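Colleague: Please take a close look at the helix ends for me. Then follow on to whatever rings and charges are worth noting.

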Amino acid sequence: MISKKMVEALNDQINAELYSAYLYLSMEAYFESKNLTGFAKWMRAQTQEEVVHAMKIYDFVNERGGRVALKAIEQPPTEWKSPLAAFEAAYKHEQLVTGLINNLVNLAVAEKDHATNSFLQWFVDEQVEEETSVDNVVQNLKMAQDAPGALFMLDRELGQRVFTPPPAQGE
Ligand code: FEO
């Protein structure tokens, strides 16, 4: 049986993942306004991934007999001073999310909730990927700053990203 405290913490994480989706959707709108459609497409895929993260936790809480309770999603920023500033903010946000996941694991361990701990390991691994992929773009943008045409090339490259929906349960 999952504890009330664990369910509350997972509900908070559903909110954090949905905020992440909201933040990246706002970044997509920012890139659209700058005609950087490749960056915008990358952010759309990132938004969709965050919704998948939220739904994974949503389904897990239900499976364990907990009660999902949705909360208000905070308003994200709408402007950044440059593409680099936006991606630096995304990187900082992913580091924050990693900290939240680590706190959840700590709680699951403290509660001897092995099922939740096991479930959360997917997120532990995912955060390594999330931080790396955003940091790669940050590094590329830093290099692109002094090279004319590099931003255009990077925009084309990021536009290749395709969101792959997870397989339906039971497949
Ligand atoms: Fe759901 Fe980007 O962490």
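**Helix ends and aromatic rings**

Modeller: Lys 112 comes just after α3, with a positive phi of about 55°. Helices here are DSSP runs of H or I with at least four residues, strands are E runs of at least two, and both are numbered from the N terminus. This is a predicted model, where local features need pLDDT of at least 70, side-chain atom pairs count only at pLDDT 80 or more, and totals for chains, interfaces and linings use all residues. Numbering runs from 1 along each chain as its sequence is written, and side-chain values use heavy atoms, without hydrogens or water.

Now α3 itself. Its 28 residues should span 40 Å at 1.5 Å a residue, and the end C-alpha atoms are 41 Å apart, which agrees. The expected span is 1.5 Å times one less than the number of residues.

Next, α1. Residues 4–33 make up this helix, 30 residues in total. From first to last C-alpha, α1 reaches 44 Å, close to the 44 Å expected. Asn 35 follows just after α1 and takes a positive phi of about 60°.

On to the rings. Across the whole structure, a search finds nine aromatic pairs (centres within 6.5 Å; planes under 30 degrees apart are stacked, over 60 edge-to-face, the rest tilted). One aromatic cluster joins Tyr 30, Phe 31, Phe 39, Trp 42, Trp 80 and Phe 87.

Trp 42 also has a charge over its ring: the charged end of Arg 161, 4.4 Å from the centre. The test asks for NZ of Lys or CZ of Arg within 6 Å of the ring centre and within 35 degrees of the ring normal. Trp 122 has Lys 56 over its face, at 4.2 Å from the ring centre.

Notes. Phe/Tyr/Trp six-rings, centres within 6.5 Å; stacked < 30°, edge-to-face > 60°.
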